[in-house]
Amino acid sequence: MSINASRSPEYVARALLAFLEIWPPVDLSTIVRKIGLSVVNVPSDFEGALVRIENRPKGVIGLRTGMSKRRRRFTIAHEIGHYVLPGHGISRAFCSKKRIGLLGKSTNEFESAANQFAGEFLLPRKAVSAMIGELGVSIDTCELVSECFQTSLTAAAVRCVELSDVWVALVESRNGVVRQVKRGDRFKDYVPINKKFGSEALANELSENQLHKQGMVPAWAWIRIESTSLKIMEDSFLIPKYNRVLTLLSEMT
Ligand SMILES: [Zn+2]
């Protein structure tokens, strides 16, 4: 299979899946074998690595030992991206934890492309769009998507937001402070980063006894806005293991 260098990472992901006749949720062990890769676990500082075998269409993916099953899947897909994307023909790639994932923008174009590839490879636009078209974007939908495609809730939520055609954003926070924001195409408002969200946010009420909360809140609790009366829908979910809260902000329905 030869790939035109001008094709997007998403296009290459779709083409590779079609070429291998594999459908989601993708069986990564079959794919890595078919394209000449093997996977080894190594105690390491990096999250994932790709080492090509010189002059042969083969390579080895190295994974940091101890990562979760779904994190492994995303990391393998990311390294497959480095292996097949045009222009990534370097002999070795070592990828740090913060550079692998859909949330947050990598300033490195190769890492960014490998993440886009992995996003489409594991969470295909066509299938995810059909699900959110039917169910809308909510934490419940994101959980269903993550189960169907065997990804983390965060990866599923990012994909749901970026493929949505309504006003919606995903916010990741820790200890009441906004860390990262993924805005859908129609979400033009500003969510301050590295600032505490408002006292009226439902995310303040989450605990190990109540992981999920949904309801209307004043828009100012999350976004920079003049109006004190406008309300928006907040759908927040606590991931206790990582002490992270994922919040979807959307218009009231
Ligand atoms: Zn990488």
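**Close-up views of strand β9, its neighbours and two pockets**

**View 1. Strand β8 (residues 231–239) and strand β9 are antiparallel and are joined by seven bridges.** In this predicted model, one pairing across the two strands sets Asp235 against its bridge partner in β9, Leu248. The hairpin of β8 and β9 has four residues between the strands, and in this hairpin Asn243 takes a positive phi near 50 degrees.

**View 2. Strand β9 (residues 244–250) is largely enclosed by the rest of the structure, because seven of its seven residues are buried.** Arg244, Leu246, Leu248 and Ser250 point one way from the strand, whereas Val245, Thr247 and Leu249 point the other way, and all are buried.

**View 3. Strand β5 (residues 168–174) pairs with β9 through six bridges, in an antiparallel arrangement, and β5 is also joined by six bridges to strand β6 (residues 177–183), again antiparallel.** On the β9 side, Ala169 has Leu249 as its bridge partner, while on the β6 side the bridge partner of Leu170 is Lys182. The hairpin of β5 and β6 has two residues between the strands, and here Asn175 takes a positive phi near 50 degrees.

**View 4. Helix α7 (residues 153–162) is mostly covered, with nine of its 10 residues buried.** The buried residues are Leu153, Thr154, Ala155, Ala156, Ala157, Val158, Arg159, Cys160 and Val161.

**View 5. The largest pocket lies between domain 1 (9–122) and domain 2 (125–250), since both domains give residues to its lining.** The volume of this pocket is about 1,100 Å³, and of the 37 residues that line it, Arg71, Ser152, Thr154, Tyr242 and Arg244 lie nearest its centre. At least two lining residues are supplied by each of α3 (69–84), α6 (139–149), α7, β5 and β8. Sorted by class, the lining of the largest pocket comprises 11 nonpolar, 11 polar and 15 charged residues. Two of the residues nearest the centre, Thr154 and Arg244, also appear in the earlier views, Thr154 among the buried residues of α7 and Arg244 among the buried residues of β9.

**View 6. The second largest pocket has a volume of about 520 Å³ and is lined by 24 residues, of which Leu102, Leu103, Gly104, Lys105 and Lys182 lie nearest its centre.** The elements giving two or more residues to this lining are α4 (109–122), α7 and β6. By class, the lining of the second largest pocket has seven nonpolar, eight polar and nine charged residues. Domain 1 (9–122) and domain 2 (125–250) both contribute to this lining, so the second largest pocket lies between them.

How values were computed: Residues are numbered from 1 along each chain as its sequence is written. This is a predicted model: local features need pLDDT of at least 70, side-chain atom pairs count only at pLDDT 80 or more; totals for chains, interfaces and linings use all residues. Side-chain values use heavy atoms; hydrogens and water are left out. Buried means under 20% relative accessible area, exposed over 50%, partly exposed in between (1.4 Å probe, protein chains only). Two strands pair if DSSP finds at least two bridges between them. On a 1 Å grid over the protein atoms alone, a cavity is a set of points where a 1.4 Å probe fits but cannot get out, and a pocket is an open set with protein on both sides within 12 Å along at least five of seven lines; lining residues have an atom within 4 Å of a point. Grid points are joined across faces, edges and corners, and a volume is the space filled by probe spheres set on the points. Ala, Val, Leu, Ile, Met, Phe, Trp, Tyr, Cys and Pro count as nonpolar, Asp, Glu, Lys and Arg as charged, and the others, Gly among them, as polar. Domain bounds come from an automatic or database domain assignment.
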